[in-house]
Every structure is written in structure tokens, then in C-alpha cells.
Amino acid sequence: MTEAAAQSGPGRVVRAVGSTRLRGLRPPPAVRESLPLALLLLHVAATRAPREFPVAAALTVALALPLVWRHRAPRAVFGAVAGAAFVQWLVGVQLPADVCLLVALHAVAAHAGRRDALLAGAVVEGGALLACLRWATEGAFLAPFVALSAAVVAAAALGANARTTRAYLAALEDRATHLERQQDQQARLAVAEERTRIAREVHDIVTHNLSVMVALTDAAVHAQHRSPERATAAMVQASETGRQALTDMRRSLGILRTDEPDAQRHPLPGLAQLEALAERMRAAGLATRVELRGGHAHVPATAQLTVYRLVQEALTNTFKHSPAGTRAEVRVRCSAATVTVDVTDSGPGTASGGRTGAGAAAPGHGIPGMRERCAAYGGTLRAGPLPGGGWGVHTRLLLDGDGAVPA
């Protein structure tokens, strides 16, 4: 258990116990709903004469009892209470239970529509007018009518405010649910993108370095008897390539771990490492020339990594699918807003050459991964046979876009 969970555990238990105690002290719903009716009947029994008690008690029950269902059927409850109040007015009995009309009006305003609330308010206001006309003392009509009218407006306004608050809270809850669902979707997309990035990095690192190591090892095997010095140099180069592959793997996967020091000790490969890449390819048997034009100090590290991986994948494809004696040329031109990359070779420029480009018989993951890297910087990749023979890869990365995704 984490420290935060350990600290929140006792507080959660205390809140749960406190909530349980409050629920234990709160009376049941049936008792809460019947308590006002009981108090009103008690008041009628204490203030009415025995001969008036049956009628007053019956009217009190007719006014107060329907309020038990006011939340489930506010219109029907209001109609029942208003009918009982009209009967009370016809009989000529004044009761404190008349306040039930205001409670029923509040329920209509809180749980029904605005039109129903206005209609109910007009009915109660008419009842207030009739009550004042019948029971107000002579010359004192205005004051009680204004007081009752204010009570009617207050009950309707409080009910409407309760309805608005409830709708607002429901909207907030729906929004919170939508945001939570959206955050979950974004988290899943981020995980998928990170998995794709790691898979792309691992593919480029493993494919390139293993191809070079296999070629160097084969060369060492063939040269071990005739030229031991060349065999030793090839094995040393294969060992260096393996170490470089391990470093690249630790660096790529070390981003996922905060305690991994290799990502900080070894910077990401960039344009400055293209010559070292070409040297490894030359050692493996692919004559490679690199031409870098323009200053690249302003090019972001992630864009430089993209260029490096593009060149690495293009040279790896040339190395794997071209015959001996093939020459490769890498041209990188940097400007203030773009980086243009061209990788050409003199090998077979047809689909039969085994390239994983457009028109190839067996598409692989190399060039699709290159296209994804280019798309992150608003570029498109062209890979295919050249008119004069050979194979070419061309792309242009945009550096002035704010939405570039790290490759």
C-alpha cells in the first residue's frame, strides 16, 4: 500500500462511519413524510371545538396527505391539494394546512415544466385572492393579499431554482462522465502511439545493426585464413556495431524509466552521426558517401533523429537487397524551415530487387515506418526506382510546424 493510500484509508473509514451514524440518526422516509400531517392534526385537535374537529381533520388530511407523492406526481398532487383547498373555501373553514398549497406549488415548479409552474402559480394566486376576499377584515385587504402573493412568488421561485440547479448538476455530471471517457480514450491512444514509436525504433535499430553485424561476421569468416588482419578488423567492427545497438536500445527504452542513465549519457543520434553511420556501412561492404549542406544547429533533436533513422533504414534496405559493388549516396540539405533528404544507390531499381517500397511484391515494415516518421513533420516519402537506374528515397521535413510529433 502506498503512503497516500495509507493516509487516505483511515479518513475514508472515518467518513464512512460518520455517514453511517448520520443515516442512523435520520428518521425513515415514512416518518418524515407523516410528521407534518401529524403536527397539523395535533394543532387542529388543540384549537378546534369537538363538533368542528371531524370536518377540520378531514380537510387537513385532504390537504397534507397528497404531499407524500409530490415528487413522483407533482401535477396530480397539486390538483388534489387545490381541490381540497377549494372545498375548504366553500365550507368556510380556515386551517393552517393551507400552507400545503405552497408546498405543492414548489413541487410543481421544481419537478414539472415552466408552463405547469405558471399555471399552478396562477391557481394559487387566485386562491389567495378568494381567501382574502372572504376572510380579510374590513379595510385590511391589501396587506394580507400582498403577503400571500409574495409567498406564492417565493414558493414558485424556489421551486424553479431547485429545478435549474438540478439540471445544472446533471449537466456537470454528464460533462464529467464525457471528459472521463475522453481522457480514457486519449490515454489509450497515447499508449498505442508510444507502442508504435518503440516498435519503430526497435525495428530500425535491430534491422540495421543486425544486418551490418551479419555482413561483418560473414566477411570475417571468409577472410580468417587468407587475411587474418582483415578478419580481426571485421570482428572488431561487428563488436562496435553490437555495442552501438545496445546503446541505442537502452536509450530508446530508457525513456520509459526515470532511473535509466543511458538516455542522458548518450545523446540522440542526429545529423552529426551520419558520417559514423556511413563508416559502418562502408565497413560492412556498402560504399557510402554523405553530403551535408547547410547548418543544422537550429534543427531540433527529434527532427535530426528522424533524418538519421530515415537514412539508416534506406541504407539498410540498400545493403540487404543490392548486390556487391553497389554504391550509395546520402544528400541532406538544411534550410531555415526544411530539411531535405535524398538517399540513392546504384543497385537494382525494380521490384524484383526485393525492396519494400511501392510496387514491391512483399511489402515490409521499413518504408511504412519511414512514411510515419515523415508524416510527423508534414513530409511525404517517395521511394522507388530511378529513371536512370538504381533506387531512390526522397523526403522533405517541415521545421516551422507547431504540431510536429516526436519521431
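## Confidence first

Which element of the chain has the lowest mean pLDDT, and which the highest? In this predicted model, helix 1 (residues 3-25) sits at the bottom with a mean of 47, while strand 2 comes out on top with 94. The chain as a whole averages a pLDDT of 78, and 81% of its residues score at least 70.

Two other stretches call for a mention. Over residues 356-363 the pLDDT is below 50, and the model gives this stretch eleven contacts beyond near neighbours in sequence. Residues 402-407 also stay under 50, with 13 contacts beyond four places in sequence.

## The chain in outline

There are 407 residues here, and 35% of them are buried. The secondary structure adds up to twelve helices and five strands. Take the contacts between residues at least 6 apart in sequence: 66% of them join residues at least 24 apart. On the outside, the chain exposes about 23400 Å², with carbon and sulfur atoms supplying 63% of that area.

## Strand 2 and its partners

Strand 2 (327-334) has a strand to pair with in each sense. With strand 1 (residues 287-293) the pairing is parallel and runs over seven bridges. Thr-288 has Ala-328 as its bridge partner, and Glu-291 stands opposite Arg-331. Strand 1, helix 11 and strand 2 together form a β-α-β unit, and a left-handed one.

With strand 3 the pairing is antiparallel, again over seven bridges. A hairpin of three residues links strand 2 to strand 3, and Val-330 faces Val-343 across the pair.

What do the side chains do along strand 2? They alternate: Ala-328, Val-330, Val-332 and Cys-334 point to one face and are buried, whereas Arg-327, Glu-329, Arg-331 and Arg-333 point to the other face and are not buried. That fits a general pattern, as side chains in a regular strand alternate between the two faces of the sheet.

## The largest core

The largest nonpolar core holds 37 residues, and Val-307, Val-311, Leu-315, Val-332, Val-339, Val-343 and Val-393 have the most contacts inside it. Elements giving it two or more residues include helix 7 (142-223), helix 10 (274-284), helix 12 (366-375), strand 3 (338-345) and strand 5 (391-398). Helix 11 supplies the largest share, eight residues. Nonpolar side chains tend to be buried together in soluble globular proteins.

Val-339 gives a good view of how this part is put together. Leaving aside residues up to four places away in sequence, Val-339 touches Val-299, Val-307, Val-332, Arg-333, Cys-334, Thr-395, Arg-396, Leu-397 and Leu-399. There is also a second, separate core of 27 residues, with Leu-37, Val-93, Ala-104 and Val-108 among them.

## A closer look at Ala-314

Ala-314 lies in helix 11. Is this residue buried or exposed? Its relative accessibility is 4%, so Ala-314 counts as buried, the cut-off being under 20%.

Who are its contacts? Beyond residues up to four places away in sequence, Ala-314 touches Val-343, Met-370 and Val-393. Val-343 is the residue opposite Val-330 in the strand 2 and strand 3 pairing, and both Val-343 and Val-393 are on the list of residues with the most contacts inside the largest core. As for Ala-328 on strand 2, its C-alpha atom is 9.5 Å from that of Ala-314, with the two positions 14 residues apart along the chain.

How values were computed
Residues are numbered from 1 along each chain as its sequence is written. This is a predicted model: local features need pLDDT of at least 70, side-chain atom pairs count only at pLDDT 80 or more; totals for chains, interfaces and linings use all residues. Side-chain values use heavy atoms; hydrogens and water are left out. A nonpolar core is a set of buried Ala, Val, Leu, Ile, Met, Phe, Trp, Tyr and Cys residues joined through side-chain atoms within 4.5 Å. Buried means under 20% relative accessible area, exposed over 50%, partly exposed in between (1.4 Å probe, protein chains only). Helices (H or I, at least four residues) and strands (E, at least two) are DSSP runs, numbered from the N terminus. Contact means heavy atoms within 4.5 Å. Accessible areas come from the Shrake-Rupley method with a 1.4 Å probe; for residues, only the protein chains shown count as cover. Two strands pair if DSSP finds at least two bridges between them. A crossover is right-handed if, with the strands pointing away from the viewer, the path from the first strand over the helix to the second runs clockwise. pLDDT is the predictor's confidence in each residue, from 0 to 100.
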